[in-house]
Amino acid sequence: MDATTQDPIDTAATWHARIDSPDMDWAGFGDWLAADPSHRTAYDSIALLDAEIGAAAPAIAALLPANDDGVADVEPVAVARPTRWRWMAAGTGGALAAGLALLLVAPAVTPGDTGVQIYATGPGETRAVTLADGSAMQLDRGSRVSVSGGRTPLIEVADGAASFSVRHDPSRTLIVRAGGYDVRDIGTRFAVVSAGGRISVAVAQGSVSVAPQTADGSAPTTLVAGQRIDIDPAAGIAERRAVAPTSVADWTDGRLDYDGAPLPLVVADISRYARTPLVVDPSAAGLRFSGVLTIGDGSRLLDQLRAVLPLRLRRADGVVHIERSSQR
């Protein structure tokens with residue numbers, strides 16, 4: 001892709017159309033994002049429009065003329081992103097205006113306060129969702145999230161990873177629940193991971209509080225932009241550390257960025273992309289990893305890790321055991 005001859009919006013739309021493709025050029029995408037701050041802004045605007053069109057799709061379908069030709073009715077469904085973005089890749093200018101026009105004429109979609117909506121992604125897909133309160137949520141691959149509460153959302157990350165961009169509104173607090181912990185937010189950008197029995201919360205902008213769902217007498221932990229907390233509830237361990245705000249939810253850019261992260265935490269992230277269960281052997285649990293892993297289709301993540309750390313893989317009964325190697 002020749003990024004020098006295309007408008008950033010056009011280029012961003014083309015990248016977004018390819019984001020779930022098995023031959024996605026993640027290295028090229030990362031280079032394009034890093035080349036100019038306007039590229040990130042352009043891509044964010046395209047991703048947000050995609051999320052808004054997806055959220056408004058049922059309302060848009062309801063405005064279409066009824067089928068009077070005797071053909072059996074078909075229940076309207078939201079259009080999958082690869083189909084919806086095919087016209088974006090072909091030519092963004094007019095299509096972008098058309099998409100905005102649809103949003104302007106479509107009524108707002110507001111789930112009931114008592115309903116529960118389940119969102120799930122497979123190993124090869126991500127998903128962007130606009131919540132009833134206007135907040136944006138993005139799910140990584142291999143994730144499952146439930147949303148209830150209407151304009152005062154309660155979100156439970158049952159498994160996987162999700163990032164959030166929350167509008168500032170002092171009248172309500174968004175709550176994200178994961179692994180028995182509540183993350184409370186008024187207006188910020190942050191990410192939550194729940195995988196392998198561990199919970200991670202990282203803040204890119206603003207601040208959040210993290211506390212056990214069931215009060216145990218301990219004070220909530222406040223995280224500000226550039227901070228992350230990794231919790232292992234089974235072991236009763238919580239580790240807070242500094243992170244680059246730009247690395248929060250870095251999986252949206254097709255990479256995983258670490259600075260001295262415990263191996264079990266890294267493997268918990270990798271498990272979202274793995275086709276088989278992963279288990280870290282006690283012999284390797286004390287290792288830490290610093291570096292960047294390129295996600296791609298997820299099949300080479302362990303190989304990238306083994307290139308840096310003294311690890312060996314042992315497969316038994318459909319499980320991959322990650323052990324410390326004596327070769328280094």
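## The nonpolar cores

In this predicted model, the largest nonpolar core has 34 residues, and those with the most contacts inside it are Leu-263, Val-266, Ile-270, Leu-293, Leu-305, Leu-311 and Ile-322. Several elements give two or more residues to this core, namely the strands β8 (189–195), β9, β14 (255–262), β15 (278–280), β16 and β18 (319–324), together with the helices α7 (263–270) and α8 (301–306). Among these contributors, α7 gives the most, with 6 residues.

Leu-263 shows how such a residue reaches other parts of the chain: leaving out residues up to four places away in sequence, Leu-263 touches Val-280, Ala-284, Leu-287, Arg-288, Leu-305, Leu-309, Leu-311 and Ile-322. There is also a second, separate core of 27 residues, which includes Met-137, Ala-162, Leu-223 and Ile-229.

## Salt bridges between strands

Side chains of opposite charge can pair when their charged atoms come close. A search of the whole structure finds 13 salt bridges, and one of them joins the side chains of Asp-232 and Arg-198, with an N to O distance of 3.4 Å. Because Asp-232 lies in strand β12 (residues 227–232) and Arg-198 in strand β9 (residues 198–205), this pair ties together parts that are 34 residues apart in sequence. Asp-232 and Arg-198 are both buried.

A salt bridge also forms between Arg-241 and Asp-230, whose closest N and O atoms are 3.0 Å apart. Here the linked parts of the chain are strand β13 (residues 237–242), which holds Arg-241, and strand β12, which holds Asp-230, and the two residues are 11 residues apart. Arg-241 and Asp-230 are both buried. Elsewhere, Asp-140, Asp-269 and Arg-272 are linked in a network of salt bridges.

## Glu-239 and its surroundings

Glu-239, found in strand β13, forms a salt bridge with Arg-288, the closest N and O atoms being 3.5 Å apart. This pair, too, links distant parts of the chain, with Arg-288 in strand β16 (residues 288–294) and Glu-239 in strand β13, 49 residues apart. Buried means under 20% relative accessible area and exposed means over 50%; Glu-239, with a relative accessible area of 25%, is therefore partly exposed, and Arg-288, with 44%, is partly exposed as well.

If its neighbours within four places in sequence are set aside, Glu-239 is in contact with Arg-228, Ile-229, Asp-230, Pro-262 and Arg-288. Two of these residues have already appeared above: Asp-230 is the salt-bridge partner of Arg-241, while Ile-229 belongs to the second core. Glu-239 and Ser-200 are 39 residues apart in sequence, and their C-alpha atoms are 9.5 Å apart in space.

## The cavity

The count comes to 1 cavity of 30 Å³ or more, and about 30 Å³ of space lies in the largest cavity. Its lining is made up of Val-193, Ala-195, Arg-198, Ile-199, Ser-200, Leu-265, Ala-268 and Asp-269, and the elements that give two or more residues to this lining are β8, β9 and α7. By class, the lining of the largest cavity has 5 nonpolar, 1 polar and 2 charged residues.

Some of the lining residues connect this cavity with the salt bridges described earlier. Arg-198, which is in the lining, is paired with Asp-232 in a salt bridge, and Asp-269, also in the lining, is part of the network with Asp-140 and Arg-272. The elements β8, β9 and α7, which contribute to the lining, are likewise among those that give two or more residues to the largest nonpolar core.

Methods. Residues are numbered from 1 along each chain as its sequence is written. This is a predicted model: local features need pLDDT of at least 70, side-chain atom pairs count only at pLDDT 80 or more; totals for chains, interfaces and linings use all residues. Side-chain values use heavy atoms; hydrogens and water are left out. A salt bridge is a side-chain nitrogen of Lys or Arg within 4 Å of a carboxyl oxygen of Asp or Glu. Helices (H or I, at least four residues) and strands (E, at least two) are DSSP runs, numbered from the N terminus. Buried means under 20% relative accessible area, exposed over 50%, partly exposed in between (1.4 Å probe, protein chains only). A nonpolar core is a set of buried Ala, Val, Leu, Ile, Met, Phe, Trp, Tyr and Cys residues joined through side-chain atoms within 4.5 Å. Contact means heavy atoms within 4.5 Å. On a 1 Å grid over the protein atoms alone, a cavity is a set of points where a 1.4 Å probe fits but cannot get out, and a pocket is an open set with protein on both sides within 12 Å along at least five of seven lines; lining residues have an atom within 4 Å of a point. Grid points are joined across faces, edges and corners, and a volume is the space filled by probe spheres set on the points. Ala, Val, Leu, Ile, Met, Phe, Trp, Tyr, Cys and Pro count as nonpolar, Asp, Glu, Lys and Arg as charged, and the others, Gly among them, as polar.
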